[in-house]
Amino acid sequence: MYIQVKRLIILGFLLLSYNAQSTTVEYVFINIWDEYTHTTQLPNTKVKRIFIQPDINVDKASVELFIDAYPIYQGLTIDKHNHLMNRFQVRKTPTSVLVENEQVISKRPLTTTAKTTSKPKRSSPLQTLSGKPLLKTRLQQDYQVLFFSDSLCPFQHIPACEKRIAQNNQLAKKRPEKFLTVIKPFYVDEHSAYAYQKRFAVQHDMVFDTYNQLFEYYQITELPYWVVFDTQGNVIYRSAHMPTRDHISL
């Protein structure tokens, strides 16, 4: 009897030792910009799941904002220099890679579904990120400078976008209430505008241009871009080059 009990104890220790050494991890590679418009279908699993964001078109602030919006992705990590993507030869997202004892035992693409969110009508009034209502026909009365920008800066190779954003922030320091930054809506949603606001420390009003209303209204075709009004609300300057103090009466 004593020998049998001893054998069971030894077997138990061996199993615990094996389980401690045998680790299975699922790496799920996603692209946060895609997740804003399409949801990745995540099957139930009992193994440890780690979310990975490729080191492309993203920064830490954008990831943090994404996690705030979608807590299911808690722990999402940027794959610095795409080390894991290269190691596991992941070529697209979303992809699941199951690894056991450092060996890949399965790799498969994951399915996605388009998000069906109710969108405001094209004629709906816009509002700043702080909730202030905006009417495109009154902007020239409420602001003197409109700065059109892209929340993906600097990731989409927009020429000198960081420098121009810094220039606009500097211009706005004296009278921030006269400046409005307008964020392009293509490929992103409002969360990316908040990330932009945090990343570039914007201290004046910002608006996410839902349905491209302001870009169309002012016929903006390049970025970044300035539109400046005089005190009567007339456009006196519009260019991809920073306006001078002569153009702005602050």
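Which residue in β5 is the bridge partner of Thr24? The close-ups below start there.

This is a predicted model, so local features need pLDDT of at least 70 and side-chain atom pairs count only at pLDDT 80 or more, while totals for chains, interfaces and linings use all residues. Residues are numbered from 1 along each chain as its sequence is written, and side-chain values use heavy atoms, with hydrogens and water left out.

**View 1. β1 meets β5 in an open sheet of five strands.** Thr24 has its bridge partner in Glu100 of β5. Here strands (E, at least two residues) and helices (H or I, at least four) are DSSP runs, numbered from the N terminus, and two strands pair if DSSP finds at least two bridges between them. Strand β1 (residues 24-29) and strand β5 (residues 95-100) run antiparallel and are joined by six bridges. The sheet reads β4-β3-β1-β5-β6, with mixed pairing. At its edges stand β4 (77-79) and β6 (103-109); each has a single partner strand, so one side of each is left without a neighbour in the sheet. On average, neighbouring strands are turned by 30° against each other, direction ignored; the axes behind such angles are lines fitted to C-alpha atoms (for helices, over the stretch in contact), and angles run from 0 to 180 degrees between N-to-C directions.

**View 2. The β5-β6 hairpin.** Just two residues sit between these strands, and Asn101 in the turn has a positive phi of about 50°. Six bridges hold β5 and β6 together as an antiparallel pair. Look for Thr95, which stands opposite Pro109 in β6.

**View 3. A second open sheet of five strands, with helices lying across it.** This one goes β12-β11-β10-β13-β14, again with mixed pairing. β12 and β14 (235-239) are the edge strands, each pairing on one side only. Neighbouring strands are turned by 15° against each other on average, direction ignored. Strand β10 (residues 145-149) runs parallel to strand β11 (residues 179-183), with five bridges between them, and Leu146 stands opposite Leu180 in β11. Helix α6 (residues 161-172) lies across β10, β11 and β13 (225-229), at about 160° to β10. α7 lies across β10, β11 and β12, at about 155° to β12.

**View 4. α7 and its buried face.** Ser192, Ala193, Ala195 and Tyr196 are the buried residues of α7 (buried means under 20% relative accessible area, with a 1.4 Å probe and protein chains only). Down the helix axis they fall within an arc of 160°, so they line one face of the helix; the arc is that of the directions from the axis to the C-beta atoms. They pack against α2 (32-35), α3 (60-69), β10, α6, β11 and β12. At the N-terminal end, Asp189 acts as the cap, a side-chain oxygen lying 3.1 Å from the backbone nitrogen of His191.

**View 5. His204, tucked into a loop and buried.** His204 sits between α7 (190-199) and β12 (205-208), with a relative accessible area of 6%. Its side chain makes a polar contact with that of Thr181 at 2.8 Å (N or O atoms within 3.5 Å; within protein, one must be able to donate a hydrogen and the other to accept it, and residues adjacent in sequence count only if both atoms are side-chain atoms). Leaving aside neighbours within four places in sequence, the contacts of His204 (heavy atoms within 4.5 Å) include Asn168, Pro176 and Phe179.

**View 6. The disulfide of Cys153 and Cys161.** The S to S distance is 1.9 Å, against a cut-off of sulfur atoms within 2.5 Å. The link is right-handed, with 90° about the S-S bond, and both cysteines are buried.

Definitions and conventions: Buried means under 20% relative accessible area, exposed over 50%, partly exposed in between (1.4 Å probe, protein chains only).
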